[in-house]
Amino acid sequence: RISEPHAKMRLDPVATADDVKQAIELFTASTLQAAKLGEITLEGGGVSEGLAELRQRIEGMVAIGQMRGKSEIISQAVAWGFSERDAENAIRSLVGAEQFEESRQGRRLKRVA
C-alpha cells in the first residue's frame, strides 16, 4: 500500500521494485522508532518487567511538575541495579508516552503527567 503512493509522488501510475523497497524501509524504520519510544510492542518483545519497574521507580522519584537532571536519574537507576542502557530506554519510553518532557537538549527532564 505504501509503494503505490511512493510511485505517485514520482508521477508514475505503476509501482516498481524500487518503490516497494522504499516502502519496506519506511515501514521498518517507523515501526522500530515507535517500539523504541514504547508506543508499540513488537511481537515477542513486550515491555519487560524490569523496564516497567524502572519506569515506575523513575516516576516515583520525580513529582509532577518537578525537573531533574537526566544524569541524576540514570545514576539512581544504576544504584538500583539497572544498566545505563535500561535507564536510557525507560526515559525514552516515558518521554514517548508524554509522561516526561526533555529540556536543555535532553539534559533535564520534567514530569508532566
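**Close-up 1. Helix H3 meets helix H5 in this predicted model.** Let's start with two helices: H3, which covers residues 49-61, and H5. Their axes come within 9 Å and cross at roughly 70 degrees. That puts H3 roughly perpendicular to H5, because angles of 65 to 115 degrees count that way. As for handedness, the crossing of H3 and H5 is right-handed. On the H3 side, look for Leu 51, Leu 54, Arg 55, Ile 58 and Glu 59. H5 answers with Asp 86, Ala 87, Asn 89, Ala 90, Ile 91, Ser 93 and Leu 94. Sort the residues of this contact by class and you get 7 nonpolar, 2 polar and 3 charged.

**Close-up 2. Helix H4 crosses helix H5.** Here we have H4, residues 70-79, together with H5, residues 84-96. The axes of H4 and H5 come within 9 Å, and they cross at roughly 125 degrees. H4 and H5 are therefore oblique to each other. The crossing of H4 past H5 is right-handed. Who makes the contact? From H4 come Lys 70, Ile 73, Ile 74, Ala 77 and Val 78, while H5 brings Glu 84, Ala 87, Glu 88 and Ile 91. Of the residues in the contact of H4 with H5, 6 are nonpolar and 3 are charged, with no polar ones.

**Close-up 3. Three strands form an open sheet.** Read across the sheet and the strand order is S1-S3-S2, with antiparallel pairing. S1, which spans residues 67-69, and S2 sit at the edges. Each of these edge strands has a single partner strand, so one side of each is left without a neighbour in the sheet. From one strand to the next, the twist averages 30 degrees. S1 and S3 run antiparallel and are joined by 3 bridges. To find one pairing by eye, look for Gly 69, whose bridge partner in S3 is Arg 108. Helix H4 packs on this sheet and touches S1, S2 and S3. The direction of H4 makes about 70 degrees with that of S1.

**Close-up 4. Strands S2 and S3 pair up as a hairpin.** S2 runs over residues 100-103, and S3 over residues 108-111. The two strands pair in the antiparallel sense, over 4 bridges. Phe 100 is a handy place to begin, since you will find it opposite Arg 111 in S3. Between the strands, the hairpin has 4 residues.

**Close-up 5. Two residues with positive phi sit in the loop between S2 and S3.** Zoom in on the loop and you come to Arg 104, which lies between S2 and S3. Its phi is near 50 degrees, a positive value in a residue other than glycine. Is Arg 104 buried or exposed? Arg 104 counts as exposed because its relative accessibility is 58%, and the cut-off for exposed is over 50%. Gln 105 is also placed in the loop between S2 and S3. For Gln 105, phi is near 55 degrees, again positive in a residue that isn't glycine. With a relative accessible area of 75%, Gln 105 is exposed.

Methods. Residues are numbered from 1 along each chain as its sequence is written. This is a predicted model: local features need pLDDT of at least 70, side-chain atom pairs count only at pLDDT 80 or more; totals for chains, interfaces and linings use all residues. Side-chain values use heavy atoms; hydrogens and water are left out. Buried means under 20% relative accessible area, exposed over 50%, partly exposed in between (1.4 Å probe, protein chains only). Axes are lines fitted to C-alpha atoms, for helices over the stretch in contact, and angles run from 0 to 180 degrees between N-to-C directions. Angles under 35 degrees count as roughly parallel, over 145 as roughly antiparallel, 65 to 115 as roughly perpendicular and the rest as oblique. A crossing is left-handed if the near helix is turned anticlockwise from the far one by less than a right angle, and right-handed if clockwise. Contact means heavy atoms within 4.5 Å. Ala, Val, Leu, Ile, Met, Phe, Trp, Tyr, Cys and Pro count as nonpolar, Asp, Glu, Lys and Arg as charged, and the others, Gly among them, as polar. Two strands pair if DSSP finds at least two bridges between them.
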